[in-house]
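Me: I should like a close look at one part of this protein, set against a short account of the whole.

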Amino acid sequence: MKSPKELNIDNKLIEKLEELNLCGYAMTGLKLLLESKEIQSLQEYANTVSIVRLGFNDHGPVHMRTVTKTAVIMMDLLRKAGIKTTLETDGCGDFEDSLLAVIFSAMLHDIGMSIGRQNHESHSMILAYPIIDKILDQIFHDNFKKKLIIRSVALEGIAGHMGTLSLTTLEAGIIQVADGCDMTKGRARIPIAMGHSPRVGHIHQYSANSIEKVKVVSGSEKPIRIDINMSSETGLFQVEEVLMHKISASTAKQYIELYANVRDEETRRYL
C-alpha cells in the first residue's frame, strides 16, 4: 500500500503533467507506472535493501517519485526557454517523446538497488527493460520505431544517473541532475533514526540532514535555477561532492544556475 507521501507526490506529478497540455501519452505512461504493483514492489524492496540491509538513505518509492517530479519540472523549464531536447534536435521525436523517456528513467532508475548497491545502474536497466517494453506496447501498439527510440533514451538515463558515464542526450543529463537534487533531510532521516553504527558513507546522511529545502525554478540567466537552503555548512558536502559532481558530468550543465544558502550566511553561487 502506498504511503500518504507517495500518494501526495503522485497527485502533484499528475497535476504537473496536466499543466503541460500535451497529447496525453506521457500522462498515460506516468499513470501506468504509478499504478504498477510490480514497480511499487521493486521500489519498496530496493528501499529495504538500501536502508535496512546497507544503512544508506532512501532509494525507494518516495525518492524515485521525487526525482520524477524534479525531472518533469526541469523539462518544462527547458521547453519554456526554447531549449530543444536531443530527440527533437535529432529529428527522432518531439518533446512529449523525450518527456516520456525521462519519466521512465526517473521512476525506474534505482530499482536495481533491490539487488544491491554495486552496479545498481546496470541492474536497474535489466529490471526496467521488460517493464518499459510492456508499457510502451500499451501506448504505441504497432509503432515499433517510436518504442525503440523512447526505450533507448530511457535506458541511457538509468545507466548514467550516477554521473559515471559520458552521456549523449539532454534527457539523460536531466535525470542525473534531478537525482542529485533529492538531498533534503527527509531522505536521510530513516537511517539516522534507526541508529546504524557509523560506517563509510554516513557523511552523506548527516550532510543531507542539514538540507532544509531544494527549489527548482526558472533562472535569471539560465533556464533552470537550483536553490539549496540548509541549516549548517555540513550540507555543503552534499552540494559540492554529490550534486556538483552530477551537474558537472551532465549534458544539462550549461542550462543550470546553482545556489547554496546557509542560514545567516551570504548565498554561495556555484554555477
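How much area does the protein expose, and what share of it do carbon and sulfur atoms supply? Please then turn to the aromatic pair.

Reply: This is a predicted model, in which local features need pLDDT of at least 70 and side-chain atom pairs count only at pLDDT 80 or more, while totals for chains, interfaces and linings use all residues. Residues are numbered from 1 along each chain as its sequence is written, and side-chain values use heavy atoms, with hydrogens and water left out.

The protein exposes about 11,800 Å², of which carbon and sulfur atoms supply 52% (Shrake-Rupley method, 1.4 Å probe; for residues, only the protein chains shown count as cover). Of its 271 residues, 54% are buried, meaning under 20% relative accessible area with a 1.4 Å probe and protein chains only. Among contacts (heavy atoms within 4.5 Å) between residues at least 6 apart in sequence, 67% join residues at least 24 apart.

The protein has 12 helices and four strands, which are DSSP runs numbered from the N terminus (helices H or I, at least four residues; strands E, at least two).

Rings of Phe, Tyr and Trp (its six-membered ring) pair if their centres lie within 6.5 Å; planes under 30 degrees apart are stacked, over 60 edge-to-face and the rest tilted. By this rule there is one aromatic pair. Tyr25 and Phe140 form it edge-to-face, with 5.1 Å between centres and 65° between planes. Tyr25 belongs to helix 2 (residues 25-35) and Phe140 to helix 7 (residues 120-140), so the pair ties together parts that are 115 residues apart in sequence. Both Tyr25 and Phe140 are buried.

Technical notes
Buried < 20%, exposed > 50% of the residue type's maximum accessible area, 1.4 Å probe, protein only.
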